[in-house]
Amino acid sequence: MERNVEKMLNRVSVVFISIGTVLMVIMILQTPKTCISPEAPSKPHTHFPRSTCDSTPRQHLPLPKKNARLWSSKAWKSRLSSFSNYFLRFRDLGLLQNHTKALCLSAGAGHAPMALSNIGLSDVTAVELVDSIPLVKRADPHNLPFFDGVFDFAFTAHLAEALFPWRFVEEMERTVRRGGFCVVAVDECGGDDVRDIARLFHNSKVVDVANVTLEGSKRTSILFKVQDSPT
């Protein structure tokens, strides 16, 4: 009796295994049924995709229109105004003039270079690991593609994010002429923190430290004047 039951169970197992195998093969070979029919009525609020099988390429805005939309946004204008007000302080000190050659390192989407242009500078260069044409070019701030001393003024608000801060600062100083200025905006700090940052600048001296508001955050702005390179 037990032997007959065992044989029956084996046969049942074989049948289920065969059915499972057939179903798996069908599922693999069958075209998915997840596509929304192109003839199906579209909902008013549905813009994309028109169907899950729609292979029509997405329409991309031309770069000028994309930039125009970005630059006209409230968020962009707010950040731009913040940078413009920040740089006006250096213009009032006589450090920024229309002919000043300025460099922005780790410039992000380009608020800082646009602000410098808006206050009158005609020669502004900005670099970032990812470009944002036409404001920001792609370059590694740790290895700048510029000759020594070609800029009068260099600025960054992202020294804290640098992978190698000492190398970042070294390149910043190298590309600014003797008598030119380097400016860093960091999270609000003072005392020992400012001195730690100053130690990174081997060829410059601190000439001004000020607490400012930039992009809605409290920051400390440190101004350095580039000196002669050590012999």
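Two strands pair if DSSP finds at least two bridges between them. With that in hand, here are the close-ups of this predicted model.

**Figure 1. The whole sheet, strand by strand.** Seen as a whole, the protein has 6 helices and 7 strands. Starting at the N terminus, the elements follow the pattern α-α-α-β-α-β-β-β-α-β-α-β-β. The 7 strands make an open sheet with mixed pairing, in the order β3-β2-β1-β4-β5-β7-β6. At the edges sit β3 (137-138) and β6 (204-214), each of which pairs on one side only. As for overall cover, 33% of the 231 residues count as buried.

**Figure 2. Strand β1 and its two neighbours.** Here we zoom in on β1, residues 101-105, which is mostly covered, with 4 of its 5 residues buried. On one side, β1 pairs with β2 (residues 123-128) in the parallel sense, using 5 bridges. If you want a spot to check by eye, look at Leu105, whose bridge partner in β2 is Val127. Helix α4 (residues 111-118) joins in as well: β1, α4 and β2 together make a right-handed β-α-β unit. The other neighbour is β4 (residues 151-156), which runs parallel to β1 and is joined to it by 3 bridges. In that pairing, Ala102 stands opposite Phe153 of β4.

**Figure 3. Asp152, a buried acid with polar company.** Asp152 is part of strand β4. Is this residue buried or exposed? Its relative accessibility is 18%, so Asp152 counts as buried, given that the cut-off for buried is under 20%. What does its side chain meet? One of its polar atoms lies 2.8 Å from the backbone nitrogen of Lys101. The side chain of Asp152 also makes a polar contact of 2.6 Å with the side chain of Arg177.

**Figure 4. Strand β5 between β4 and β7.** Moving along the sheet, β4 and β5 (residues 176-187) run parallel and are joined by 5 bridges. Thr156 has Val184 as its bridge partner in β5. Then the direction flips: β5 and β7 run antiparallel, with 7 bridges between them. Val183 stands opposite Leu223 in β7. Strand β7 itself (residues 217-226) is mostly covered, and 7 of its 10 residues are buried. A handy thing to remember while looking along these strands: in a regular strand the side chains alternate between the two faces of the sheet.

**Figure 5. A salt bridge from β5 to β7.** This view picks out Asp187 and Arg219, which form a salt bridge with their closest N and O atoms 3.8 Å apart. Asp187 lies in β5 and Arg219 in β7, so the pair ties together parts that are 32 residues apart in sequence. The two partners have quite unlike surroundings: Asp187 is exposed, at 60% relative accessible area, while Arg219 is buried, at 9%.

**Figure 6. The β6-β7 hairpin and its link to helix α3.** Strands β6 and β7 run antiparallel, joined by 10 bridges. Among the paired residues are Thr213 and its bridge partner in β7, Lys218. The hairpin has 2 residues between its strands, and Glu215 there takes a positive phi near 55°. Which residue does Glu215 form a salt bridge with? The partner is Arg79, and the closest N and O atoms are 2.2 Å apart. The pair links distant parts of the chain, with Glu215 in the loop between β6 and β7, Arg79 in helix α3 (residues 74-92), and 136 residues separating them. Both ends are in between buried and exposed: Glu215 is partly exposed at 25% relative accessible area, and Arg79 is partly exposed at 38%.

**Figure 7. Helix α5, with charges and a nonpolar patch.** The structure holds 10 salt bridges, and one of them joins Arg167 to Glu170, with the closest N and O atoms 2.5 Å apart. Both residues lie in helix α5, 3 residues apart, or about one turn of the helix. Arg167 is partly exposed, at 25% relative accessible area, and so is Glu170, at 37%. Salt bridges that share partners join Asp148, Arg167, Glu170, Glu171 and Arg174 into one network. The same view takes in Trp166, which is found in α5 (residues 165-175). Together with Leu163 and Phe164, Trp166 forms a nonpolar surface patch, with about 380 Å² of accessible area in total.

Definitions and conventions
Residues are numbered from 1 along each chain as its sequence is written. This is a predicted model: local features need pLDDT of at least 70, side-chain atom pairs count only at pLDDT 80 or more; totals for chains, interfaces and linings use all residues. Side-chain values use heavy atoms; hydrogens and water are left out. Patches are made of residues with over 30% relative accessible area and no salt bridge: like charges are joined within 9 Å, nonpolar side chains (Val, Leu, Ile, Met, Phe, Trp, Tyr) within 5 Å. Accessible areas come from the Shrake-Rupley method with a 1.4 Å probe; for residues, only the protein chains shown count as cover. A salt bridge is a side-chain nitrogen of Lys or Arg within 4 Å of a carboxyl oxygen of Asp or Glu. Buried means under 20% relative accessible area, exposed over 50%, partly exposed in between (1.4 Å probe, protein chains only). A crossover is right-handed if, with the strands pointing away from the viewer, the path from the first strand over the helix to the second runs clockwise. A polar contact is a pair of N or O atoms within 3.5 Å; within protein, one must be able to donate a hydrogen and the other to accept it, and residues adjacent in sequence count only if both atoms are side-chain atoms.
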